Amino acid sequence: MADTSLMEKLTSLCKRRGFIFQSSEIYGGINGFWDYGPLGVELKRNVKDAWWEDNVHRRTDMVGLDCSLIMNPRVWEASGHLGGFSDPMCTCRQCKKHFRADQLEEQIAESEWVQSLPWREWPAPVERPEELQRWSRKKGKRLAPNLALVARTDAVWPGLEDRLRGATVERLDLIRMLASDAKDTYELPCPSCGGDLTSPRQFNLMFKTFVGAMEDSSSVAYLRPETAQGIFANYKNVLDTSRIKLPFGIAQIGKSFRNEINPRNYTFRSREFEQMEIEFFCRPGEAEEWFTYWRDARFKWYVDHGLQSKALHLRDHEGDELAHYAKACADIEYDFPFGTSELEGIANRTDYDLRRHQEFSGKDLTYFDDESKERFLPWVIEPSGGVDRATLAFLCEAYTEDEAPDEKGNPKPRTLMRFHPRLAPVKLAVFPLVKKDGMPEFARRIFDEAVGAGIPAFYDEKGAVGRRYRRQDEAGTPLCVTVDGQTIQDGTVTIRDRDTLKQDRIAADAVATYVRERIS
């Protein structure tokens, strides 16, 4: 069940505290593109750094790669993206908006005009169909002006009233009736205005561009829709230069671009996004074992970094769900406020990609096994996650509302972001209690020492200390240090925990060590 109120609160906080902004906002924005603010860029970078450290730096069987955004178009022929990377698209004949045909039912159910219908529970017993007629004259006219019932009431209402009175109807069945003048043919209407939709047609999702001075067929290129193909295209280069042996992986973090028909759900489905992908090459007979290993390891990584609620799921695909190149696939799913959606996919891609690139390029991509003296194409296990989706999941999981005492000790509602310390944008905030008696100077020294020790820190001396605490709670800062009158006397400071609100008294010169131990 979608929780729109939680999503509204989260997006408001993200804008207010500088996590995420609409791209080009001063010009009205651009759909499907987002910018990360001062706190957001640190959070997102921490997600990437944690992933890279755990999957590359702490392993002996993994190397990294950074491939270009634009590649030879033949890459996308070999991968199948030019011929098959498309979604079915419908267009509204009235408002001209585009929608994915395979997501149409979901989009209609979530649309504002459907949510405003007189009934909240479905299937709905229709005892007073005249409520629907009143809806069409008011809310319907404003929210769905092109719906058949609204635009052609005299033609639709008489037959509709007879069919509905005393009946119990499903929501989508009712919507089809509202959208049609006919008695037997009912089609789903436009989620935006209720108008008529065209039949689905295929729409390629790759962004097309041109390389060089001439814009003709010989200079056509594409922004990459995924980072994986750059790894496959460089597989032989890595093999020849790194002297690495099977099994081994190649990791990459980078931007990808998909011209989504209907970007939605905040940063979850965007037209420009960032991926964290591994292509793990192994012997064919070991692929099933490595698939299980990476499926479980990747799920555990999210749990270890704070997604410990019941909202995280590991779901194996059924046979009829598998992509044509996959022998097995599992999705790590998360219950976002807008619904359960894929966070990361782990797939056994067999030798499909290397075989295709070997065929299209004419290059030998086989691996020679020194032990068995055999040549073969390795199989590939692919853990593929979205940086933006992971960041959004950590934001959703961290968002918390509770109560904390104010300056007078009275309980007061507060909002905080319970980030895992490793991911928190700021690790430490330093406050002087007041701006006098040498406290700001002492606090500045602690702040400078923390920054010099490589601890992301923030200094704030404006406003009551309680308000400063709450600002840092919303930023997700795990620890706050306050310099007060006692500090000047004995060199100790108060350090406050974001989650428990517990305050300890420690020596000022031990702050950096204390913080490192708590955030490690």
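In this predicted model, three strands form an open sheet in the order β5-β4-β8, and their pairing is antiparallel. The edges of the sheet are strand β5, residues 98–100, and strand β8, residues 201–204, each of which pairs on one side only. If we ignore the direction in which the strands run, neighbouring strands of this sheet are turned against each other by 50° on average.

It helps to recall how such sheets are held together: strands of a sheet pair through backbone hydrogen bonds, and they may do so in a parallel or an antiparallel way. Here, strand β4, which covers residues 86–91, is joined to β5 by three bridges, and the two strands run antiparallel. To follow one residue across this pairing, start at cysteine 90, whose bridge partner in β5 is phenylalanine 99.

We can now turn from strands to helices. Helix α2, residues 38–57, and helix α15, residues 387–398, have axes that come within 10 Å and cross at roughly 115°. Because angles of 65 to 115 degrees count as roughly perpendicular, α2 and α15 are therefore described as roughly perpendicular to each other. Their crossing is also right-handed.

Which residues make the contact between these helices? On the side of α2 they are Leu43, Lys44, Val47 and Lys48, while α15 contributes Val387, Asp388, Ala390, Thr391, Phe394 and Leu395. Sorted by class, the contact of α2 with α15 has six nonpolar residues, one polar residue and three charged residues.

Note on methods:
Residues are numbered from 1 along each chain as its sequence is written. This is a predicted model: local features need pLDDT of at least 70, side-chain atom pairs count only at pLDDT 80 or more; totals for chains, interfaces and linings use all residues. Side-chain values use heavy atoms; hydrogens and water are left out. Two strands pair if DSSP finds at least two bridges between them. Helices (H or I, at least four residues) and strands (E, at least two) are DSSP runs, numbered from the N terminus. Axes are lines fitted to C-alpha atoms, for helices over the stretch in contact, and angles run from 0 to 180 degrees between N-to-C directions. Angles under 35 degrees count as roughly parallel, over 145 as roughly antiparallel, 65 to 115 as roughly perpendicular and the rest as oblique. A crossing is left-handed if the near helix is turned anticlockwise from the far one by less than a right angle, and right-handed if clockwise. Contact means heavy atoms within 4.5 Å. Ala, Val, Leu, Ile, Met, Phe, Trp, Tyr, Cys and Pro count as nonpolar, Asp, Glu, Lys and Arg as charged, and the others, Gly among them, as polar.
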